[in-house]
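Student: I'm new to this one. Could you walk me through it and explain the terms as we go?
Tutor: Sure, let's have it on screen.

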Protein chains: 2
Amino acid sequence: MEQLKLSILGVSSAIPLSNRSPSAQFLAIGNAHFLIDCGEGTQVKLRQHRIGFGRIKHILISHLHGDHFYGLVPLLSSLQLLDRQAPLYIYGPAKLEEAVRQQLEITDSIISYPLHFKVLEASKKSLIFESDHLEVHSFPLRHGIECFGFLFQEKPLPLKMNKTELAKHSIPVAEIRRIKAGANWINPEGETIANEELTFPSEAPLSYAYVTDSLPVKHLHRVFKGIDLLYHEATFLSTEADRALKTHHSTAAQAAEIAEICKAQNLLIGHFSIRYKSLKPLLEEAAAHFANSHIAREGYAFTIDRKIRLLESEKENSYS
Amino acid sequence: MEQLKLSILGVSSAIPLSNRSPSAQFLAIGNAHFLIDCGEGTQVKLRQHRIGFGRIKHILISHLHGDHFYGLVPLLSSLQLLDRQAPLYIYGPAKLEEAVRQQLEITDSIISYPLHFKVLEASKKSLIFESDHLEVHSFPLRHGIECFGFLFQEKPLPLKMNKTELAKHSIPVAEIRRIKAGANWINPEGETIANEELTFPSEAPLSYAYVTDSLPVKHLHRVFKGIDLLYHEATFLSTEADRALKTHHSTAAQAAEIAEICKAQNLLIGHFSIRYKSLKPLLEEAAAHFANSHIAREGYAFTIDRKIRLLESEKENSYS
């Protein structure tokens, strides 16, 4: 799949509503999948979005406020009852494992599939997952308690071969891998053939950043720049800026400023206070500062195709 | 309100589905209200049923399997965020308080409204709540771990006065209370006027029993008899009787037999295994043994009026 697909399972802050669930997202980037935060009810949302539990291999928890992880133990229990065998990797703050183990113990629950906890590094941007195609980093946010953002970046894709030129220069097959990686070719006559003559540029790698429950972090542009999609919390309107500051949250305007500073291609705002029955004013406030702002609409999936490079959305949860 | 109203918030066993939630019910009997079990997502179901959080004063937890209480801490947290002041009473197995406190501690959550835990008595039927109008008892079930059923019974209602007869016998106002309670009247001439001459019979008190997660308990007729409404788990069909036995659950036929033995007026079956996409076979199996069997249909409210005495149902959750 040459795309990034983000399913929005929940965007409510703190208190859920009839039609607004606590934080959870499911990201498919290339062939890798990540459940990001896991508020109460996430397992039902996954089902409603028709995201098979078998696709869950990595769960990332931003911080230990209940609206971001109270759905985790129920999900782990269901996976057990469904006879999961595959290992599961959970990334989160230091105390997450204790929280999970306590709850499992009190219900006499045994998890028999391999469950691996990875403690996130509180002080700096850190690589937490790497495959041939992808890197995932965590980075610290500012929320009163330990809280993390996550950055998902495809690795640079191999260059595409210009077969006509390769044939013309009679380049041996053994050299192709080096040239794909960007090397020039020195022919038997000692002549240098520039890589650009032998290749076509590859597509730019896709990238996504998840920033929730934080005061605006101005230096985020040093963590990521020019990403395709930024999800940034926008719990409040600027009229509630004092409250945002006091509760360690951001306003829609601040989320948009971060998107601007980080040169994001697209911004999704979420984690809305229940005081806002309509989300339109939040979108308007963000869009005034950053044109490509969108509501992270619950029940929808947002996709960016690696070739087309446009943010598209479609309803994925027919129950919501 | 001269009725019993039971809102079915969830009837799934163990694993929730897109359209089936873990156990939770809200009972209004007269002017008293009880939340019975509190599986994951109960707070959202309460909102969808338009049951105001202010009506929650007593929460009864049958046992410490996650599908019966994982929604409790999230609900307590939301009540805190919504600035609840009123005390809350929670009834459950001994370890429930520890489970709740652990989770609150790990999220640095402080509950500032008064939170009272009452440990249920494992060995026998016990009075757990009493008001002028109502008694609530817990009683032990058979589920491998400590597990409780709950019985809600209105107290006998005062007799209705036959005003014509009262006037005829010139009965002093001071005597009315005694006569309402059933006493005869001895007039100044020493004659006894039988209570039945002075009064009309009162309506029979309403009653409800909640029996979930249990093997069939044949002696339940010694705990309650002739109740208006019995909710009994029916996790499996009889074709899965072995599995029911092994997992300490009941079949639909067994639930119906208990209803028969206890001379219940109406039976609601619930707590369905996810293997049953359609619930019709479960209803058919129950109804073959007990005619007044009904599916505890999620999203519906069931009512029995004290005068009319018929079980009625209506859709209450427009989201489900």
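Student: What makes helix H8 (residues 252–261) of chain A covered or uncovered?
Tutor: First, a word on the model: it is predicted, so local features need pLDDT of at least 70 and side-chain atom pairs count only at pLDDT 80 or more, while totals for chains, interfaces and linings use all residues. Residues are numbered from 1 along each chain as its sequence is written, and chains are lettered from A and ligands numbered from 1 in the order in which they are written. Now, a residue is buried if 20 or more other C-beta atoms, placed from the backbone, lie within 10 Å of its own (exposed: 12 or fewer; partly exposed: in between). Seven of the ten residues of H8(A) are buried, so by that definition the helix is mostly covered.

Student: Which residues of H8(A) are buried?
Tutor: Among them are A:Ala252, A:Gln254 and A:Ile258. What covers the buried residues includes strand E15 (229–233) and helix H9 (280–289) of chain A. Just after H8(A), A:Lys263 has a positive phi of about 50°.

Student: Why are strand E1 (residues 3–10) and strand E18 (residues 300–305) of chain B said to pair?
Tutor: Pairing takes at least two bridges found by DSSP. E1(B) and E18(B) have five, in the antiparallel sense, so they pair. B:Lys5 sits opposite B:Thr303.

Student: What else does E18(B) join?
Tutor: Strand E19 (residues 311–315) of chain B, antiparallel and through five bridges. There, B:Ala301 has B:Glu314 as its bridge partner. In their hairpin, with five residues between the strands, B:Arg309 takes a positive phi near 65°.

Notes:
Helices (H or I, at least four residues) and strands (E, at least two) are DSSP runs, numbered from the N terminus. Two residues are in contact if their C-beta atoms, placed from the backbone, lie within 7 Å.
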